[in-house]
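Subject: Handing over a structure

Hello,

I am passing a structure on to you, and since it is new to you I have added some notes. Please have a look at it first and then read on.

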Amino acid sequence: MPAPTRNTPAVRSLRRTAWADLRADLRASLVVFLVAVPLSLGIALASGAPIMAGLIAAVVGGVVAGLLGSSPLQVSGPAAGLTVVLAELITRFGWQVTAMITFGAGLVQVLFGLTRLARFAAAIPPAVVHGMLAGIGITIALGQLHVVLGGSPQPDPVTNALQLPAQLLGSHDHAAMVGLVAIAVIALWPRLPRPIRVVPGPLVAVAVATGLALLWPDVPRVALPGGLLDAITLPQLALLPGDEWAGLAGGVLTVALIASVESLLSAVAVDRMHEGPRTDVDRELLGQGAGNVVSGLLGGLPITGVIVRSSANAEAGARTRASAVLHGVWIAVFGIALVDVIQAIPLAALAGLLVVVGIGLVKPVDLRTARVHGELPIYLATAAGVLLLNLLEGVAIGIAVAGVLMLHRAVRARIRIAPPDRDGDAHHVVVEGTLSFLSVPALSRALSRVPTGAAAQVDLVVDYLDHAAYDHLDAWTRRHRATGGSVEVTEPGEQGRTGRSRSPFRFASWSQWQAGEMATDPTGTVLAGVAAYHARTAGLIRPRMRELVGGQRPSALLLTCADSRVVPNVITHSGPGDLFTVQNVGNFVTGEASQAALQYATDVLKVPLAIVCGHSGCGAMRALLDPPAVEQPPRALASWLAAGLPGLAAFRDGHPVGRAALAAGADEVDALAMVNVALQLQELRSPDRGLAALGLFFDIRSARVLVLDGDAQAFRPLDAQAGATKMQNGCPAGSA
């Protein structure tokens, strides 16, 4: 039997792909190398560690974590998030013991990975992580600003802040000029044209500041005892005092936890920047732990996944982990062969770089997100704790505040009262959440606002009702009725409870109630849904509905199937007045009802966009492919399904949308449904209508919406960013 050839088309294609990946990774590695060098030097300076320790960590992070980790585009190295912790450890234990702490933290991370504990890092509230980083950033910026201005940083951020005015008003030497120039270059660099910004701003800032410092020999510069290889030193535990073992263990755990959380958060963020494989978080922790073991043994700083380098890697077009590994190789070459270049860098330039890095850790978007989600107290408490106490205590305070807020939300009831819209309407009191004895004062205040003798409706949209709250509401109901007023107390799942049936507690969720009631009383289910709508939604959309009283102004016509599983407003995230919706069996344009709706939408409402949405498992498509075996099928249904026969013929003739769907693994029913959408769009795109058209396909199993591409050749997934763009450019984005 002849040996298989080594030059088949598949092999040639594989070689071309590998060569293209290598070229892309090579370019990206050079960009990341230029970003990483000044940051690594600056972080080592801010930590109080030997300068070369930053480059050692960068090399190890690139090579070891790059080879052993899971995230395809994440780049690891020394990170600003550990600067404050390292400075405290070095001050307390010295550098060589701190290197041993890095080694131990790596072993703990390996243990985390082996025991699959990585996912528990996601349990830390984002507001705590962001507040911690903000506190670290402010600490770095305050300390390094003193260095920029020619002074020395104080041991804590409060002292640095108090002494900053005097430092600003004091005399400044040439070093201050160099540092301020570095800050100015970094601040202005993002505002320059894109072709210029191909070179990383931090590198340009350090280069400009170094060139400026040549004018003044008195400016302090980086001092190195030798090259990168000379800086490699083994850690020594013998230097640890006998009573410091508890502190050593605490340092190991602190570094391991912070490094793990930072790395996993960075990996998740990087996964959103590319379409490649997702990160296996446990394997990523194994790679990070192995990197810290090696970095600690060689005398380097702790490493984590660094979002600044990783985002630069993704934006530069990297495709595989080879870019991270190559960037580590370039740093090693730089540290061995270009020691004189490093020693020419002014310390003030690195300090200026760190001021910008520190300020960058305080992200306005994190503050806005915390405020929107009601977690601003957690963010501020964590940041204040880091600044006023230390990092561990700050994080502990943040977690404690998060627990208090969670408990507060869990046990409180949200109570609102709406006055009647018209004379004769009832005063509407809505209670949501947990109605316990803790919420009785708030309930009492709300009920006291109902006028004596007026009609009242109390909607209990609660998941827990205890005896104290029930007794209070029951007593108020009796007193109010005694004044001549009327009271109706309703709950989801009960059509009109009067408040006399004592139920000391209930633990039924909406889905559990719905499953129990649907089998026995469908009418009750619908009426209970109406009650829940009045309780939860009517008040929210009432302002929008008042705007629509004068008439509707929809931005699109949506033609979709009558299937109960397709909810147009849900899958398009739209609200009242956004869509003029037409639903029929099979989403056909032909037919009197559809034509009438189409004419009304185009001639009267003047909608600019028509959308046709099919769905998976469509009964109409199944009936076309496999007609029911009955002698006389229902005449109306058979006549209606005749509108789908052209789509069936196109599907059997090899329509490109159908071929693409079958090739992607769809069954014949779903492939025919996609072809049907494409043909209905052709009908809508007739020149006399002047409509823009959009084809959608709702996959019920995955709850995902696919979009027909511009060439009408295939349906493709739509990511969130592109979806937002399309919504803004034509599809209704929703008003509710």
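Below is what was found in it, starting with the whole chain and moving on to one sheet and the salt bridges.

Before the findings, a word on the basis: this is a predicted model, in which local features need pLDDT of at least 70 and side-chain atom pairs count only at pLDDT 80 or more, while totals for chains, interfaces and linings use all residues. Residues are numbered from 1 along each chain as its sequence is written, and side-chain values use heavy atoms, with hydrogens and water left out.

The chain as a whole

The chain holds 30 helices and twelve strands; these are DSSP runs numbered from the N terminus, with helices being H or I of at least four residues and strands E of at least two. Of its 736 residues, 47% count as buried. Here buried means under 20% relative accessible area, exposed over 50%, and partly exposed in between, using a 1.4 Å probe and protein chains only. The accessible surface of the chain comes to about 35,700 Å², by the Shrake-Rupley method with a 1.4 Å probe, and 63% of that surface belongs to carbon and sulfur atoms. If you take the contacts (heavy atoms within 4.5 Å) between residues at least 6 apart in sequence, 74% join residues at least 24 apart.

A four-stranded sheet

One open sheet has four strands in the order β3-β4-β5-β6, with mixed pairing; two strands pair if DSSP finds at least two bridges between them. At its edges are β3 (413–418) and β6 (486–490), each pairing on one side only. On average, neighbouring strands of this sheet are turned by 15° against each other, direction ignored. Helix α18 (residues 440–448) packs on the sheet and touches β3, β4 and β5 (455–465). The direction of α18 makes about 5° with that of β3, where axes are lines fitted to C-alpha atoms, for helices over the stretch in contact, and angles run from 0 to 180 degrees between N-to-C directions. Between β3 and β4 (residues 427–435) the pairing is antiparallel, over six bridges, and R414 has E432 in β4 as its bridge partner.

Salt bridges

Side chains of opposite charge can pair when their charged atoms come close. A search of the whole structure finds eight salt bridges, counting a side-chain nitrogen of Lys or Arg within 4 Å of a carboxyl oxygen of Asp or Glu.

One of them joins R319 and D21, with the closest N and O atoms 2.9 Å apart. R319 sits in the loop between α11 (307–315) and α12 (322–337) and D21 in helix α1 (residues 9–47), so this pair ties together parts that are 298 residues apart in sequence. R319 is partly exposed at 47% relative accessibility, whereas D21 is buried at 19%.

Another links D282 and R116, at 3.3 Å between the closest N and O atoms. Because D282 lies in helix α10 (residues 281–298) and R116 in the loop between α4 (95–114) and α5 (126–148), the pair ties together parts 166 residues apart in sequence. D282 is buried at 3% relative accessibility, while R116 is exposed at 56%.

Within helix α19 (residues 467–482), D474 and R478 lie four residues apart, about one turn of the helix, and their side chains meet in a salt bridge (3.5 Å, N to O). D474 is buried, with 4% relative accessible area, and R478 is partly exposed, with 44%. Finally, R544, E547 and D578 are joined into one network by salt bridges that share partners.

Best wishes
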